[in-house]
Amino acid sequence: MPPPDRWSRRDPIRYLLFALIATSIVWYLHFGGNANREYQGDINARAVLRPDDGKLHIVVTGGAGYIGSHAAMLLGEAGHAVTVLDNLSRGNGGALRVLRDILPPRRFRFLRLDLGDRPALCAALSRLRPVPDLVMHFAAVAYVGESMGDPLQYYKNVTVNTVNLLDCMREADVKQLVYSSTCAVYGNPDELPVTEATPPLPINPYGQSKLMAEEVIRWYARSDPSFSAIILRYFNVYGSDPEGRLGEYPRPELRSQARISGACMDAALGLIDSLTIKGTRHPTEDGTCVRDYIHVMDLISAHVAGMDHLYNPPPLYNIGTGKGVSVKQFVDACVRVTGRPIKVVYQEEARPGDYAAVWSDVSKIQRDLGWQANYTDVEEGLRHAWEWRRLHEHGYA
Ligand SMILES: NC(=O)c1ccc[n+]([C@@H]2O[C@H](COP(=O)([O-])OP(=O)(O)OC[C@H]3O[C@@H](n4cnc5c(N)ncnc54)[C@H](O)[C@@H]3O)[C@@H](O)[C@H]2O)c1
């Protein structure tokens with residue numbers, strides 16, 4: 001092959017072409033295949049992952065998101081191999097960078113794909129090696145208010161994408177599923193606390209689309225006796241990794257939809273002028289909504305316990321603390337934890353689609369899975385959230 005300098009003298013365009021090809025080859029060898037790539041793209045795309053002995057290969061959809069990233073981290077640290085599927089429409093690429101840095105390459109992979117793209121999803125699932133043992137399906141849009149304004153997005157993203165996922169799991173011969181559902185399926189229950197036998201009567205498209213996805217899973221299970229699953233209905237998730245590696249950072253453009261803990265931290269950091277509590281005339285003790293706040297670490301430990309309880313028909317469990325805390329009490333705790341002067345505005349009008357009070361009866365999960373929440377003091381969980389957020393004012397950037 002003639003040396004490039006002779007080419008460059010004769011033909012600069014050929015020289016440039018040669019340089020471009022050589023750079024691409026070096027780039028591919030360094031970043032392609034099994035090596036770590038930038039987090040916006042795939043990581044370890046073609047690797048054959050290797051879980052520790054006796055551990056599983058678990059697909060975590062929505063693993064760039066708040067809850068999914070915590071799950072991926074804890075599962076990976078426990079020796080499972082984790083493949084994250086996420087389209088990064090909502091999550092944080094920075095969370096994937098943290099996962100890439102914490103977990104060994106043989107136990108972590110990320111594929112950027114949209115669960116709405118059925119052919120791409122089926123192709124990706126079928127190619128994964130080893131064949132996944134289990135899928136934890138967290139990926140979803142998940143804001144009550146947003147669902148009222150754009151219901152179709154919710155039925156597509158939550159319900160239809162669950163259909164796609166099951167379809168592709170069938171093609172790839174993946175037989176086990178842990179499904180993230182929500183207490184929003186209960187709507188405004190007549191009796192509290194909410195048990196798994198409380199009739200589901202959702203009052204917003206988010207809750208309705210989740211309930212429909214649950215139904216899809218139940219009917220699919222009836223058609224395939226070798227399939228097993230568990231359905232977990234979470235109450236309000238908050239807190240973050242107590243070691244400060246991961247946190248909750250919804251995209252700034254979603255700030256208007258924000259959950260109360262994120263909004264409180266934004267207000268504490270001065271990113272918004274005030275914190276608005278929406279709805280002050282609910283039939284509750286202080287007039288604000290009452291919720292059951294479950295720490296994200298407890299939530300993931302319930303998933304780990306649930307992995308040993310995958311059955312057909314799929315069992316259903318509430319995941320909460322069993323304790324109701326009003327939004328006002330939660331905000332007061334948040335103000336104490338941050339120690340910052342937060343202007344709290346009380347707005348009489350409730351958010352559309354909001355229910356007054358829900359908290360869980362957790363006796364079924366305690367009895368069957370031997371699981372219960374460890375963090376029952378919201379101030380402690382908020383301290384974890386604040387520790388991360390105060391150091392990550394603008395998220396993972
Ligand atoms: N946060 C809560 O309080 C709460 C309560 C009950 C249930 N849940 C459920 O838990 C799950 C996770 O919620 P979260 O709070 O971590 O939300 P999140 O927005 O932080 O994470 C969701 C992730 O899913 C991804 N995603 C969305 N649509 C996708 C698609 N079409 N293809 C691929 N990836 C897609 C997003 O990019 C994001 O990374 C959701 O299913 C939600 O309904 C959450």
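Two strands are taken to pair when DSSP finds at least two bridges between them. The legends below describe close-up views of a predicted model.

**Strands β4 and β5 run parallel and are joined by three bridges.** Strand β4 covers residues 134-137, and β5 covers residues 176-182. Across this pairing, Met 136 stands opposite Val 178 of β5.

**An open sheet of seven strands has parallel pairing.** The strands follow one another in the order β3-β2-β1-β4-β5-β6-β11. Because β3 (108-112) and β11 (316-319) each have a single partner strand, these edge strands are left with one side that has no neighbour in the sheet. On average, neighbouring strands of this sheet are turned by 20° against each other, direction ignored.

**Helix α10 lies across four strands, namely β4, β5, β6 and β11.** The helix is formed by residues 296-306 and runs at about 160° to β6 (228-234). Pro 313 is placed in the loop between α10 and β11. The peptide bond that joins Asn 312 to this proline is cis, with omega about 5°.

**The ligand is surrounded by 27 residues.** The closest of them are Gly 62, Gly 65, Ile 67, Gly 91 and Ala 140. Two or more residues of the shell come from each of the elements α3 (66-77), α7 (151-172), β5 (176-182) and β7 (236-238). Which element gives the largest share of the shell around the ligand? Helix α3 does, with three residues. By residue class, the shell around the ligand holds 12 nonpolar, 12 polar and three charged residues.

**Helices α5 and α7 cross at roughly 35°.** Two packed helices are described by the angle between their axes and the distance between the axes. For α5 (residues 118-127) and α7, the axes come within 9 Å, and the crossing is right-handed. On the α5 side, the contact involves Arg 118, Leu 121, Cys 122, Leu 125 and Ser 126. These residues meet Asn 164, Leu 165, Asp 167, Cys 168, Met 169, Glu 171 and Ala 172 of α7. Seven nonpolar, two polar and three charged residues make up the contact of α5 with α7.

**Helices α9 and α11 pack at an angle of about 35°.** Their axes are 10 Å apart, with α9 spanning residues 260-268 and α11 residues 327-338. The crossing of α9 and α11 is right-handed. Helix α9 contributes Ile 260, Ser 261, Cys 264 and Ala 268 to the contact, and α11 contributes Val 327, Phe 330, Val 331, Cys 334 and Thr 338. How many residues of the contact of α9 with α11 are nonpolar, polar and charged? The contact of α9 with α11 has seven nonpolar, two polar and no charged residues.

**Two loops hold backbone features at Pro 130 and Asn 44.** Most residues other than glycine have a negative phi, and most peptide bonds are trans. The peptide bond from Arg 129 to Pro 130 is cis, with omega near -5°, and Pro 130 is found in the loop between α5 and β4. Asn 44, which is not a glycine, has a positive phi of about 55°. The loop that contains Asn 44 runs between α2 (12-31) and β1 (57-61).

**Residues 58-320 are listed in UniProt as a domain.** The unreviewed entry gives this span as "domain: NAD-dependent epimerase/dehydratase". In the model, the end C-alpha atoms of residues 58-320 lie 24 Å apart. Helix accounts for 38% of the span and strand for 19%.

Note on methods
Residues numbered from 1 in each chain as written. Predicted model: local features only at pLDDT ≥ 70, side-chain atom pairs only at ≥ 80, totals over all residues. Near = placed C-beta within 6 Å. Nonpolar A, V, L, I, M, F, W, Y, C, P; charged D, E, K, R; others polar. Axes fitted to C-alpha atoms, helices over the stretch in contact; angles between N-to-C directions. Contact = placed C-beta atoms within 7 Å. UniProt positions renumbered as here; feature names shortened; annotations may be inferred. Left-handed = near helix turned anticlockwise from the far one by under 90°.
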